[in-house]
Each structure stands twice: as structure tokens, then as C-alpha cells.
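Biologist: Could you go through this structure with me slowly, one question at a time? I would like to follow the reasoning behind each answer.

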Amino acid sequence: MADDYLVRIGKLIRVARQHRGWTQTQLADALATSQSAVNRIERGNQNISLEMIARIGEALDSEIVSLGYAGPMHLRVVGGRRLSGAIDVKTSKNACVALLCASLLNKGRTVLRKVARIEEVYRLLEVLNSIGVRTRWINEGKDLEIAPGAEVDMAAIDASAARRTRSIIMFLGPLLHRLDNFKLPYAGGCDLGTRTIEPHMIALRRFGLDITATEGLYHAQVERGATPDRPIVLTERGDTVTENALLAAARSTGVTVIRNASSNYMVQDLCFFLEALGVRVDGVGTTTLTVHGVPDIDVDVDYSPSEDPVEAMSLLAAAVVTESELTIRRVPVEFMEIELAVLEEMGLDHDRGAEYAADNGRTRLVDLTVRPSKLEAPIDKIHPMPFPGLNIDNVPFFAAIAAVAQGQTLIHDWVYDNRAIYLTDLNRLGGRLQLLDPHRVLVEGPTRWRAAEMMCPPALRPAVVVLLAMMAAEGTSVLRNVYVINRGYEELAERLNSVGAQIEIFRDI
């Protein structure tokens, strides 16, 4: 084997090991070899057999070398099983990706605790690494250390990774402080219909950022020294546009007032993180944020993002549709109060424990026990509103919940063009959902679920809703190509299995 190939394979092994958060010693122990042997392999200084490559790949749960295309991941679900026990809510996906973008503001070392190990995070890490930011998993892979370089090389950006995440749009706010001009690939993510970035452009233009779009790229030009001379009024109370405005304001000279701001959970976590960087933010939790900018940020910061209310809602829905008693721990209750109030009116039997603080010291958590309940359809329609209303991302879970309730429930998902359409995939599993228009679905319950084999919807929350229905359906179902679920959930199948589900992960041979 040529030395060049040994070096390339060694690099792949090193990256896979670091991706898992292992040391060379841990990999050596798994292979029953020495740390020095692993070191030689990773440096390309040792011949290595195909058998050893296969053993390393198995140990790291990573395909080091493949013959052709490995194929997508699928789930085989044996349904009709009751869940039991307790399960913890993981840290917020949307907060973690915002904080990864925010790390570009800081010249110092950033440590984020218990970062969600999901595909969305991995794509952003690939982008950050490609432009010169050093990242590594520490503390046995639980935490993430980020060290931005002195310069960012946008010409070297991993465009493929960038196009697979809509979160890349939040690079605009930090980068306008570091570069006079740069290019950014179009944002991707879930297929939820047309979502304009014009609200971002309107807000960021006040900081001197001018964008033109050509051939799949945003071309950014920055007028240095521009600062808002009056309050910024967001034309959309969106989460990412609020975050982008915050990221731009954080290193802008003087005081920036942002009105019609989102006060949702990920925005609050970003505000708390900015405060840890030394940026004062007044009005956290309200729709008017006042940011006292710090033009130069160079601090070592350690921050713990809070738990994910959408994952909490997912787990609650899993208990409801499978008619199970399940304790969901570390629920960020202040971001689920409307959902719980609606479910109480529908007849949900549940208990809440005493409130306690999240690791960020600010977010209120509870442990929630859900029991089998006889649900009735709500009198009013289910529809989202900006926080403190019913969370936009929690609306799809009410489709599965309404399907097991007695009566008709109208769900009005007015935010996205396509998402309500994907909810009708539940009809393949025995649901009775009628699409009234692209935004409204009428759900008839109760449902006698049946097993089916189907493709995963190309939108994160509807995909999980389909998985939950499969868990309730007697028999064996197959959900194909679940990458979109892995974008937002860490080891969801394995964690559901820990409380009684039977879900097998497999790939086509």
C-alpha cells in the first residue's frame, strides 16, 4: 500500500476518533492494541490490513472505507409496545447551532456543555473546520471546545455541508465584523416550502451588510463603520432573524435596540451566552432587546445550553400515542406551558414535579410524568404563535395526539408552505387526516394504527410524528432514509428503545 494512502486512511481514522470524542488510548483499548500503534496508524506510519480497517470502523461506529455508496439509514419499528420508565430531554438543537455560530464572535476559547450530537451540529462543525476554526469533542465526547483562528478562510468553505443546513444563514451576523466581503452558500435544511431571507437582509443592512445572490451563493459586502442610528424593527418575529440581529449587534459599537424580537428558548439561550461573553442584553424574554455592543471579544467562556422543549414535546407525544406511562425529565416547562394547558383541556393525565434550574442557571425545568389518558378533541383549533404562544415546531405532534383523541381537531400550520401536507403521511398508517388547504389539516380520531413501509418525509418534525405513529401501530413498520430525523435528534431510536420501544437501525446491503 502506497505511503500516500496510509496517510489518508490515517487521517480518516483520526477524524472519526475525534468525532466520537475518543482518545488514542480509548481506541487502542477497543482494538486490544497499544496507544503507540494507534498513533502510528493515524500518522500513516504503519501498514494496515483491510481487517484492521474494518475493526477500527466498527469500534468507532464509522465507515472508514466503503465499497461504493453506503446507502441511507432506515428504521424498522415493531409497534404496539408500551413505554415505561424515565427518559431525559437532551440539550436544545436550535440553541446549540446558534451558539456555534455565535462562537465566531469570540477570539477566545469557547466550551459548550452537553452539545447535541446531531447531523445539524456536525454539518456546522464541518463548515467551521473548513474555514479555519478548530473544534474538538472533550470530556469523553460530552462537551465541545471551539477555538476560532486569527483569520477565517471563506474561500475554503465546505459548500456541501453548508448547503445542508439552514443554520448557515446565522454566519452573516458574526462574519460582518470580521470580513469586508465574503461568499456564503444558499441555506438548506428541511423542505418546508419557500422561506425568504429578506427579514435578515432588512435587519443586517443597518449594520452595513449588503447582499446580492447569484448562482447559489450570497455575495456579502460590508460597509465598515455602519451602525444603526435608530431601533431596528424586525419585519418578522422569527427566531433566526432575531439571532442574526443579536449576533450583528453584539460587536457593534454603542447600543442597538431590536424590536419585534423573538423571545423563544433558543434566542434566550443566545442572550445568556452573549452575556457570558461580556455583552449586556436588556429585555431578555421580551420582544424588545437592547444590546450594549462590545467591539472586541476575547474571553474564555464556558456555557451550558438548556434543554430542548421540542424534544420534550416529542417524548410526551410518544407516551400519548403509545398509551404509556412515562416520566420525561428535564422539561423546560416555561416553553411548553401553552402545550400543556391545551393537553389538560383535552384530558391528559399527568403530574409535574417541583421546578429546578437548568445548567445555564436561568431556564426553569420540571420532571413530567404522563399516564394513559382518554383524550377529547379540543374545541378550538391548534395553531402556533410566537413565544409565549404554542411553539411552531410543536404543532406537528398535535396531529398524532389528535389522531388518538375522540372527535375532530383542526390544525392550522400557517407558518410553512408544505409542512401540513406532510402530516397526511399519517393516513398511510391508518390515520384519518383531511388536507383542507396547504396550511390546514382536519384530524379525525380515535385511530386504529396499522403498520406500513414508507419513505421519511423531508421535514424534521413530521418525520418524527410518522415514527411515533409506527411505534403505536401493531406489527412491523419500516421508515426509510431517516437522515432528516438525525438532523435534530441524538440517538432517538436508541433512547426510545431504552424505555421499551423496539426500533432497529439498518442500511441496505
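Modeller: Before we turn to a hairpin, we need a rule for pairing: two strands pair if DSSP finds at least two bridges between them. Please keep in mind throughout that this is a predicted model.

Biologist: With that rule in hand, how many residues lie between β19 and β20 in their hairpin?

Modeller: Strand β19 covers residues 432-437 and is joined to β20 by five bridges, with the two strands running antiparallel. One of the facing pairs is L435, which stands opposite V441 in β20. The two strands form a hairpin, and the number of residues between them is two.

Biologist: Strand β20 also pairs with β18, so which residue of β20 is the bridge partner of H412?

Modeller: Strand β18 spans residues 407-412 and strand β20 spans residues 440-445, and the two pair in the antiparallel sense over six bridges. Within this pairing, the bridge partner of H412 in β20 is R440.

Biologist: Turning to the open sheet of four strands, which strands stand at its edges?

Modeller: The order of the strands in this open sheet is β9-β10-β12-β11, and their pairing is mixed. A strand at an edge has a single partner strand, so one side of it is left without a neighbour in the sheet, and this holds for β9 (232-233) and β11 (280-282).

Biologist: In which sense do β9 and β10 pair, parallel or antiparallel?

Modeller: In general, strands of a sheet pair through backbone hydrogen bonds, and either sense is possible. Here I232 stands opposite I258 in β10. Strand β10 takes in residues 255-259, and its pairing with β9, over two bridges, is parallel.

Biologist: Which helix lies across β10 and β12, and is its residue T242 buried or exposed?

Modeller: The helix is α10, residues 239-250, which runs at about 25 degrees to β12, and T242 is found in this helix. Leaving aside neighbours within four places in sequence, T242 is in contact with L234, A261, S262, V267 and L289. Because its relative accessibility is 0%, and buried means under 20%, T242 counts as buried.

Biologist: Moving to helix α3, why do its buried residues lie on the same side?

Modeller: Helix α3 covers residues 35-43, and its buried residues are A37, V38, I41 and E42. They lie on the same side of α3 because they cover an arc of only 135 degrees around the axis. As a general rule, an α-helix has 3.6 residues a turn, so residues three or four places apart point the same way.

Biologist: What residue follows α3, and what is its phi?

Modeller: The residue that follows α3 is G44. Its phi is positive, with a value near 80 degrees.

Biologist: Which residues make side-chain polar contacts with the side chain of Q24?

Modeller: Q24 lies in helix α2, residues 24-31, and counts as buried because its relative accessibility is 16%. Not counting residues up to four places away in sequence, Q24 touches R17, Q35, V38, N39 and E42. Its side chain makes a polar contact of 3.4 Å with that of N39, and another, of 2.9 Å, with the side chain of E42.

Biologist: Salt bridges come next, so how far apart in sequence are the parts that E311 and R495 tie together?

Modeller: The side chains of E311 and R495 meet in a salt bridge, at 2.7 Å from N to O. E311 lies in helix α12 (residues 309-321) and R495 in helix α18 (residues 492-497), so the pair ties together parts whose separation in sequence is 184 residues.

Biologist: What are the relative accessible areas of the partners E337 and R364?

Modeller: E337 forms a salt bridge with R364, and their closest N and O atoms are 3.8 Å apart. The pair links distant parts of the chain, with E337 in helix α13 (residues 337-346) and R364 in strand β17 (residues 364-371). Both residues are partly exposed, E337 with a relative accessible area of 37% and R364 with one of 30%.

Biologist: Finally, how many salt bridges does a search of the whole structure find?

Modeller: One of them joins D282 to R280, with the closest N and O atoms 3.1 Å apart. Others share partners, and join K114, E307, R330 and D359 into one network. For the whole structure, the number of salt bridges found is 32.

Terms used: Residues are numbered from 1 along each chain as its sequence is written. This is a predicted model: local features need pLDDT of at least 70, side-chain atom pairs count only at pLDDT 80 or more; totals for chains, interfaces and linings use all residues. Side-chain values use heavy atoms; hydrogens and water are left out. Contact means heavy atoms within 4.5 Å. Axes are lines fitted to C-alpha atoms, for helices over the stretch in contact, and angles run from 0 to 180 degrees between N-to-C directions. Buried means under 20% relative accessible area, exposed over 50%, partly exposed in between (1.4 Å probe, protein chains only). The arc is that of the directions from the helix axis to the C-beta atoms. A polar contact is a pair of N or O atoms within 3.5 Å; within protein, one must be able to donate a hydrogen and the other to accept it, and residues adjacent in sequence count only if both atoms are side-chain atoms. A salt bridge is a side-chain nitrogen of Lys or Arg within 4 Å of a carboxyl oxygen of Asp or Glu.
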